[in-house]
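Work through the exercises below with the sequence and the 3D structure at hand. Try each task before reading its solution.

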Amino acid sequence: MFSSRDGILLIEEVGFEEIVEKTGTPVYITSRKKLEENIRVFRENFGFARMLYAVKANNNLTIMRIFAKYGFGADVFSLGELYLALLAGFDRNFILFNGNSKSDEEIEAGIRAGVKFSVDSLDELYTISEIAQNCGREVKIAFRVNPDIGAETHPKIATGLKTSKFGIPAEQILEAYEVAVQADGVVPAGIHCHIGSQIRDVEPFVDELEKMFEIASELEKLGVRLEFLDMGGGFGIDYEEDGECRVEKFAQPLRKTFERGLQMLKSEPELWIEPGRSLVANTTILLTRVNAVKKAHRNFVAVDAGFNLLIRPAMYDSYHRVAVANKMGMPAEELYTIAGPICESGDILAKDRKLPKVEKGDYIAVFDAGAYGFAMSSQYNGRPRCAEVLVDGGSFHITREKETVGDLIAKQRIPEELF
């Protein structure tokens with residue numbers, strides 16, 4: 001999906017320069033072929049589970065529409081993500097409204113949309129119950145359980161530890177369901193869990209699923225009829241090598257665990273998973289232009305994209321592969337550090353990478369940028385956000401227009417007395 005010809009980076013059959021002529025830089029470029037390949041691999045390996053796309057990873061409406069057409073459900077975390085999921089055409093029966101701090105407005109919108117809720121606290125349960133009754137609706141819910149399971153990942157994206165802000169502690173979860181069984185307007189229908197993101201080992205997921213079945217067995221004694229066990233997502237990819245998720249490594253042990261767990265239950269709940277990064281990360285590059293090269297403590301390559309567009313390296317010290325898009329295949333000569341234009345010393349996209357000689361006017365491709373790239377972008381330092389493009393074979397489509405400086409003030413108002 002990403003190759004080269006005569007030293008020029010190709011996205012499918014399109015040279016990057018053809019895209020840049022239309023969009024300028026920076027620009028996010030996605031390969032539809034790679035996206036659909038990832039979908040196929042997940043469907044082949046996780047055919048025993050229902051897949052809910054984690055919208056937080058990449059909320060581009062075109063990409064979401066592709067997932068909806070392939071029959072995915074959606075994991076949403078806000079009113080905005082709910083709106084996008086409905087607009088993209090996801091089946092609302094398989095939209096789960098997640099989150100630890102939903103507003104009353106968001107809860108009412110979710111209830112009226114007819115989606116299911118992952119409930120994070122008893123306060124939220126009481127609010128859902130009250131609003132559901134006021135709306136004359138009945139809402140299917142799952143509590144999010146905190147299993148206190150550790151996994152090797154960055155502390156900021158570990159969500160299953162007892163110190164996490166997410167979920168109800170496992171030792172309190174049965175009491176929470178007892179309350180829900182008696183509450184009006186809600187129907188306990190599942191269990192939800194999520195232990196973190198970018199997890200490369202399968203063992204924590206197996207532990208998580210086993211814990212969920214233990215809870216499910218106890219819930220059946222309360223009379224809860226379980227329709228689904230949602231174990232979240234978090235399957236990691238290989239950022240340093242090829243950006244791939246070794247899906248079969250996760251799927252096979254989880255299938256065995258799921259089938260074994262079902263033998264403990266009278267009901268036959270579906271297994272739900274919420275892949276995001278593992279589906280979209282390696283489908284997309286961030287293409288950025290070199291404004292200057294400077295020899296200092298390091299060889300700094302100053303480009304026109306910074307952590308305003310890709311915050312992962314600054315926030316998580318994350319690694320992304322980079323290449324000189326107009327010098328593909330040329331021998332590497334020197335170490336370079338790719339630095340963005342933001343007024344922060346931490347605005348580094350890639351540190352000490354051996355690359356062909358880099359010059360002003362060259363283009364740097366940052367790989368595996370499809371997850372938590374544009375979705376976490378901002379207008380910091382007064383920088384409009386860039387365009388997004390979908391490549392489909394020999395053609396491409398601009399799926400999000402780049403912003404202008406006018407967008408920086410689109411919602412601002414100056415009081416009359418200041419004129």
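**Exercise 1: Helix α1 and the turn after it**

Gly24, just after α1, takes a positive phi of about 70°. The model is a predicted one.

Task: State which residues of helix α1 (residues 16–23) are buried, and where they lie around the axis.

Solution.
- Step 1. A residue counts as buried when its relative accessible area is under 20%, and as exposed when it is over 50%.
- Step 2. In α1, the buried residues are Phe16, Ile19, Val20 and Thr23.
- Step 3. These residues cover an arc of only 100° around the axis, which puts them on the same side of α1.
- Step 4. Glu21 and Lys22, on the other side of α1, are exposed.
- Step 5. Further on, Pro26 is placed in the loop between α1 and β4 (27–31). The peptide bond that leads from Thr25 to Pro26 is cis, with omega near -5°.

**Exercise 2: The length and faces of helix α9**

Task: Compare the expected span of helix α9 (residues 247–262) with the distance between its end C-alpha atoms, then find its buried face.

Solution.
- Step 1. The helix has 16 residues, and at 1.5 Å a residue it should span 22 Å. The expected span is 1.5 Å times one less than the number of residues.
- Step 2. The end C-alpha atoms of α9 are 22 Å apart, which agrees.
- Step 3. Val247, Phe250, Ala251, Leu254, Thr257, Phe258 and Gly261 are the buried residues of α9.
- Step 4. Seen down the axis, these buried residues fall within an arc of 140°, so they line one face of α9.
- Step 5. Gln252 and Lys256 are exposed on the other side of α9.
- Step 6. The cover over the buried residues of α9 includes α2 (32–45), α8 and β13 (270–273).

**Exercise 3: The largest nonpolar core**

Task: Find where the largest nonpolar core lies relative to domain 1 and domain 2.

Solution.
- Step 1. The protein chain is divided into domain 1 (2–29 + 283–409) and domain 2 (47–279).
- Step 2. The largest nonpolar core has 89 residues, of which Phe46, Tyr53 and Phe90 touch the most other members.
- Step 3. Helix α8 (residues 203–221) gives the most to this core, with eight residues.
- Step 4. Both domain 1 and domain 2 give residues to the core, so it lies between them.
- Step 5. The C-alpha centres of the two domains lie 33 Å apart. In contact are 16 residues of domain 1 and 18 residues of domain 2.

**Exercise 4: Two residues in one loop**

Task: Decide whether Tyr372 and Asn381 are buried, partly exposed or exposed.

Solution.
- Step 1. Tyr372 is found in the loop between β19 (363–366) and β20 (387–392), and Asn381 lies in the loop between β19 and β20.
- Step 2. Tyr372 has a relative accessibility of 14%, so it counts as buried.
- Step 3. Asn381, with a relative accessible area of 37%, is partly exposed.
- Step 4. Phi is positive in Tyr372, near 60°, although this residue is other than glycine. Asn381 is not a glycine and has a positive phi of about 65°.

**Exercise 5: The whole chain**

Task: Check the radius of gyration of the protein chain against that of a compact globule.

Solution.
- Step 1. For 419 residues, a compact globule would have a radius of gyration near 22 Å.
- Step 2. The protein chain has 23 Å, which agrees.
- Step 3. Its C-alpha atoms fill a box of roughly 70 × 65 × 40 Å, taken along the principal axes.
- Step 4. Of the 419 residues in the protein chain, 54% are buried.

Note on methods
Residues numbered from 1 in each chain as written. Predicted model: local features only at pLDDT ≥ 70, side-chain atom pairs only at ≥ 80, totals over all residues. Heavy atoms only, no water. Core = buried A, V, L, I, M, F, W, Y, C linked by side-chain atoms within 4.5 Å. Buried < 20%, exposed > 50% of the residue type's maximum accessible area, 1.4 Å probe, protein only. Helix = DSSP H or I, 4+ residues; strand = E, 2+ residues; numbered from the N terminus. Domains from an automatic or database assignment. Arc of directions from axis to C-beta. Contact = heavy atoms within 4.5 Å. Rg over C-alpha atoms; globule rule 2.2 N^0.38 Å.
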